[in-house]
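Welcome! Please take a look at the sequence and the structure below, and then we can walk through some of the details together.

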Amino acid sequence: MGGSGRRGRRRQRSGPPGGGGTAYAAGRQAVRAQRSWFNRQGGGTQTLVVFGGIALLIGLHFLLWGEVIPAVGALVGRVPVLSTAVGWLYGGGAVMAWGVYAVNRATASPAVRKRLLTTAWAWTPVAVACFPSDYADSTVLPTDYWAGVYASAYGVVVVPLVAFVVALLSLPLVRLFPRLKDAGDGWLGWACVGYSVLLLVWASTLLRT
């Protein structure tokens with residue numbers, strides 16, 4: 001009697017065969033599925049991905065400044081307004097893409113939201129690779145195109161500082177205007193759009209001040 005009682009209690013604690021264990025396994029699979037591909041990898045794979053990404057960015061930097069940017073500049077360099085806007089697209093366009101995604105994140109359909117996010121992520125390496133270096137400074141570009149490229153490049157470099165300033169300013173603004181909290185990422189998206197426009201304005205006046 002005592003032995004059968006203990007066995008019964010053990011069965012009650014462990015639950016029915018295939019019941020609790022299956023639910024637990026399903027729960028773990030659901031949590032794992034929600035994690036990004038990078039977080040699902042082991043430490044060695046993550047290290048290789050990080051170093052590989054850095055190498056690709058360095059290679060993209062030399063490719064852009066050595067081949068792509070000068071070639072595009074030769075095409076648009078004769079039209080000042082177009083030249084400045086095209087030069088701005090490398091970095092300013094990426095900031096604009098993230099702003100448009102943040103503005104439409106809560107209201108867009110899943111398909112549209114996915115396309116906007118893919119565009120923003122695809123543009124980001126180009127913006128990062130456009131950071132000004134000694135190699136970039138030696139590149140000869142048309143004047144107005146140069147202004148657009150460099151204004152957007154330096155604008156991307158100071159994005160972390162701008163984000164820090166915006167975060168500091170947002171604290172009193174949210175207290176003064178509680179509705180900003182309900183707006184979610186919308187106001188942050190508009191801030192990105194406004195910042196990218198300011199970079200374009202700066203590019204249009206960079207060589208005229």
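## Starting at L116

Leaving aside neighbours within four places in sequence, L116 touches V100, Y101 and N104. Keep in mind as you read that this is a predicted model. L116 itself belongs to helix α5, which spans residues 110-129.

One of these partners, N104, sits 12 residues from L116 along the chain, and the C-alpha atoms of the two are 8.7 Å apart. Is L116 buried or exposed, or something in between? With a relative accessible area of 22%, L116 counts as partly exposed, because buried means under 20%.

## The overall picture

Stepping back, the protein contains 10 helices and zero strands. Read from the N terminus, the elements therefore give the run α-α-α-α-α-α-α-α-α-α. Of the 209 residues in the protein, 24% are buried.

How do contacts spread along the chain? Take those between residues at least 6 apart in sequence: 74% of them join residues at least 24 apart.

## Where α3 meets α7

Let's turn to a pair of helices. Two packed helices are described by the angle between their axes and the distance between the axes. Helix α3 covers residues 43-76 and helix α7 covers residues 143-157; their axes come within 10 Å and cross at roughly 135°. The two helices are therefore oblique to each other, and their crossing is right-handed.

Which residues make this meeting? From α3 come W65, I69, V72, G73 and V76, and from α7 come Y145, V149 and Y150. Sorted by class, the contact has seven nonpolar residues, one polar residue and no charged residues.

## T84, a buried threonine

Y145 also appears in the surroundings of T84, a residue of helix α4, which runs over residues 80-104. Setting aside residues up to four places away in sequence, T84 is in contact with D144, Y145, G148, L200, A203 and S204. The relative accessible area of T84 is 7%, so this residue counts as buried.

## A word on cysteines

How many disulfides does a search of the whole structure find? The result is zero. Two cysteines can still be described by their accessibility. C130 has a relative accessible area of 1% and is therefore buried, whereas C192, at 24%, counts as partly exposed.

Methods: Residues are numbered from 1 along each chain as its sequence is written. This is a predicted model: local features need pLDDT of at least 70, side-chain atom pairs count only at pLDDT 80 or more; totals for chains, interfaces and linings use all residues. Side-chain values use heavy atoms; hydrogens and water are left out. Axes are lines fitted to C-alpha atoms, for helices over the stretch in contact, and angles run from 0 to 180 degrees between N-to-C directions. Helices (H or I, at least four residues) and strands (E, at least two) are DSSP runs, numbered from the N terminus. Angles under 35 degrees count as roughly parallel, over 145 as roughly antiparallel, 65 to 115 as roughly perpendicular and the rest as oblique. A crossing is left-handed if the near helix is turned anticlockwise from the far one by less than a right angle, and right-handed if clockwise. Contact means heavy atoms within 4.5 Å. Ala, Val, Leu, Ile, Met, Phe, Trp, Tyr, Cys and Pro count as nonpolar, Asp, Glu, Lys and Arg as charged, and the others, Gly among them, as polar. A disulfide is a pair of cysteine sulfur atoms within 2.5 Å. Buried means under 20% relative accessible area, exposed over 50%, partly exposed in between (1.4 Å probe, protein chains only).
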